[in-house]
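Student: I should like to learn how to read a protein model feature by feature. Could we work through one together?

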Amino acid sequence: MSDPNNPNIQDRTTPQWGLYQRENFLKLNEGKTAPFNTDPTKLEQKARETLSLGGWYYASSNAGLSTTHLANRQAFYRHRIVPNQLVDTNHRDTTTEIFGHRVSAPIGFAPIGINKIYHPSAELAVAKVAGELNLPYCLSTAGSSPIEKVGEANGEGNPRFYQLYMPHDDELTVSLLTRAWKSGFDACMLTTDTWQLGWRHDDVANSNYAFYRGMGADLGLSDPVFQKRCREEGIDVEKDAVAASVKWIDSVWHGRAWSWEKIPWLVKTWKEISGGRPFVIKGIQSVADAKKCVEYGVDGIVVSNHAGRQVDGAIASLDALENIVGAVGEQLYIMYDSGVRGASDVAKALALGAKFVFIGRLWIWGLSIMGEEGVRHVMKSLLADFDILMAVGGFNSVEDFDKSILGMCAAWQGVVWPEAHIVAESYPKSYTLIPDRVL
């Protein structure tokens with residue numbers, strides 16, 4: 001176990017996150033155990049037992065037949081870490097830098113909307129934990145808490161970024177970005193793959209959409225420009241939450257796409273509001289689009305397929321990452337999300353060229369199970385997992401993760417890959433799931 005008296009701890013520049021393992025092993029001496037099992041499969045099942053049916057469907061649904069979600073996990077399964085032995089990792093450093101912020105690890109909280117359907121504490125609990133752990137927090141425009149309250153919960157000086165779904169109302173866009181900047185969100189992250197929700201069978205079949213029930217639109221309903229738009233249409237935000245919420249989400253999603261022509265205006269507007277802070281595009285999957293980002297002066301990209309929730313049958317985000325890094329890796333700050341389920345996945349994304357990795361569903365399951373404490377347990381466990389992986393794998397810094405530490409797993413025909421059961425319910429019973437394909 002990690003020794004809390006190890007003299008090397010005093011020399012490390014980051015906490016020895018691995019001590020969280022020891023802490024949980026010792027709990028039984030006090031008649032306790034860990035809050036819950038953080039194995040992704042068991043974590044997901046526990047969340048399913050805890051959530052309302054609507055909350056479960058919205059959190060778990062993917063586009064179409066879930067084949068993009070499956071591809072994401074298969075891509076991680078194909079790549080394997082090659083450990084190094086007899087490396088002195090006693091002084092390992094898990095930290096990295098993102099947009100001028102020195103943070104605890106190359107791990108951040110991906111932007112996820114309507115947290116209120118998972119737990120009453122919503123985004124406030126998540127932002128608070130992110131601040132405690134010095135991990136970047138991203139607030140979604142579809143968030144269910146006002147921007148200002150989330151900023152306060154995250155804490156003074158902690159790294160936080162605002163993820164924008166851009167309305168077709170420039171005054172409203174400026175208002176959202178201004179609120180974000182004044183609340184300490186110092187990077188803008190435009191998501192470009194969600195002009196409309198992907199076709200998610202369970203959500204559609206159950207009319208499962210919180211915004212259309214008048215729930216979860218607090219971020220928008222607290223905006224002065226949006227309030228003005230509601231008054232212009234005779235909608236009382238206080239008395240008719242359903243009409244106001246429908247108008248809000250229809251303003252930022254639902255069938256009206258933007259093109260590259262709008263990007264210069266948005267970049268210029270954000271830079272003017274923020275004094276030149278970074279502008280990022282999230283949702284990039286092709287080399288051509290990555291090159292467009294360079295051309296349009298974007299500071300960074302998140303290689304993401306929205307965890308398989310938007311385009312069914314799409315390329316695995318990890319495969320897209322490798323292609324994109326090869327083409328523009330020296331010209332953009334490249335980040336990654338989609339399908340990450342543990343520390344080894346983080347390491348693989350870093351090895352393939354990402355400088356930073358965002359986590360989504362893991363902390364959503366934790367929030368669903370136990371609110372703030374659930375998020376804290378999931379993320380401290382992930383940090384411990386990452387710290388221990390570095391210790392036993394022979395890695396002293398984030399920079400040690402490059403292509404040289406990866407091997408490839410053969411596609412064994414007829415062998416069911418370990419996580420097949422997670423997505424098996426998405427397929428007819430006649431389908432057989434194997435490492436590289438669905439037959």
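**Reading helices, strands and single residues**

Tutor: Let us begin with helix packing, noting that this model is predicted. The axes of helix H5 (residues 67-78) and helix H15 (residues 317-328) approach within 7 Å, and they cross at roughly 65°.

Student: Which quantities describe such a pair in general?

Tutor: Two packed helices are described by the angle between their axes and the distance between the axes. The next step is to list the residues that touch. On the H5 side these are Asn72, Ala75, Phe76 and Arg78, which meet Ser317, Leu318 and Asp319 of H15. Sorted by class, the contact of H5 with H15 holds 3 nonpolar, 2 polar and 2 charged residues.

Student: How do the axes of helix H2 and helix H17 cross?

Tutor: Helix H2 (residues 19-26) and helix H17 (residues 361-393) have axes that come within 8 Å and cross at roughly 120°. H2 is therefore oblique to H17. From H2, the contact draws on Tyr20, Gln21, Glu23 and Asn24, and from H17 on His377, Lys380, Ser381, Ala384 and Ile388. The classes in the contact of H2 with H17 are 3 nonpolar, 4 polar and 2 charged residues.

Student: Let us turn to strands. Which sense does the pairing of strand E6 with E7 take, parallel or antiparallel?

Tutor: One reads the sense of the pairing together with the bridges that support it. Strand E6 (residues 160-164) pairs with E7 in the parallel sense, over 3 bridges. Within that pairing, Leu164 has Leu190 of E7 as its bridge partner. Between the two strands the chain passes through helix H8 (residues 170-182), and this β-α-β crossover from E6 to E7 is right-handed.

Student: What lies on the other side of the pairing, that is, how many bridges join strand E7 to E8?

Tutor: Strand E7 (residues 188-191) runs parallel to E8, and 4 bridges join them. Two partners may be located in the model: Met189 is matched with Val280 of E8, and Leu190 stands opposite Ile281 of E8. Leu190 can thus be followed in two directions, being the partner of Leu164 and standing opposite Ile281.

Student: Are the faces of E7 covered or open?

Tutor: To judge this, one takes the side chains of each face separately. On one side of E7 are Cys188 and Leu190, on the other Met189 and Thr191, and all of these are buried, so both faces are covered. Strand E8 (residues 279-284) is likewise mostly covered, with 6 of its 6 residues buried.

Student: Which strand should I visit after E8, and in what sense does it pair?

Tutor: E8 also pairs with strand E9 (residues 300-303), in the parallel sense and over 4 bridges. Here Val280 stands opposite Gly300 of E9. Helix H14 (residues 287-295) joins this pair in a β-α-β unit made of E8, H14 and E9, which is right-handed.

Student: I would now examine single residues. Why does Ile107 count as buried?

Tutor: The test is relative accessible area, with buried meaning under 20%. Ile107 has a relative accessibility of 0%, and therefore counts as buried. Ile107 belongs to strand E4 (residues 107-109). Beyond its neighbours within four places in sequence, Ile107 has contacts including Leu135, Pro136, Val346, Phe356, Met379 and Phe386.

Student: Where is Pro146 placed, and what does it touch apart from its sequence neighbours?

Tutor: Pro146 is in the loop between strand E5 (137-140) and helix H7 (147-154). Its relative accessible area is 17%, so Pro146 is buried. Leaving aside neighbours within four places in sequence, Pro146 is in contact with Arg179, Asp218, Leu219 and Ser222.

Student: Which residues other than glycine have a positive phi?

Tutor: Among them are Ser66, with phi near 65°, and Ser207, with phi near 50°. Ser66 is in the loop between helix H4 (53-60) and H5, whereas Ser207 is in the loop between helix H9 (201-205) and helix H10 (218-221).

Student: Are these two serines buried or exposed?

Tutor: Ser66 counts as buried because its relative accessibility is 5%. Ser207 counts as exposed because its relative accessibility is 52%.

Key
Residues are numbered from 1 along each chain as its sequence is written. This is a predicted model: local features need pLDDT of at least 70, side-chain atom pairs count only at pLDDT 80 or more; totals for chains, interfaces and linings use all residues. Side-chain values use heavy atoms; hydrogens and water are left out. Buried means under 20% relative accessible area, exposed over 50%, partly exposed in between (1.4 Å probe, protein chains only). Two strands pair if DSSP finds at least two bridges between them. A crossover is right-handed if, with the strands pointing away from the viewer, the path from the first strand over the helix to the second runs clockwise. Axes are lines fitted to C-alpha atoms, for helices over the stretch in contact, and angles run from 0 to 180 degrees between N-to-C directions. Angles under 35 degrees count as roughly parallel, over 145 as roughly antiparallel, 65 to 115 as roughly perpendicular and the rest as oblique. Contact means heavy atoms within 4.5 Å. Ala, Val, Leu, Ile, Met, Phe, Trp, Tyr, Cys and Pro count as nonpolar, Asp, Glu, Lys and Arg as charged, and the others, Gly among them, as polar.
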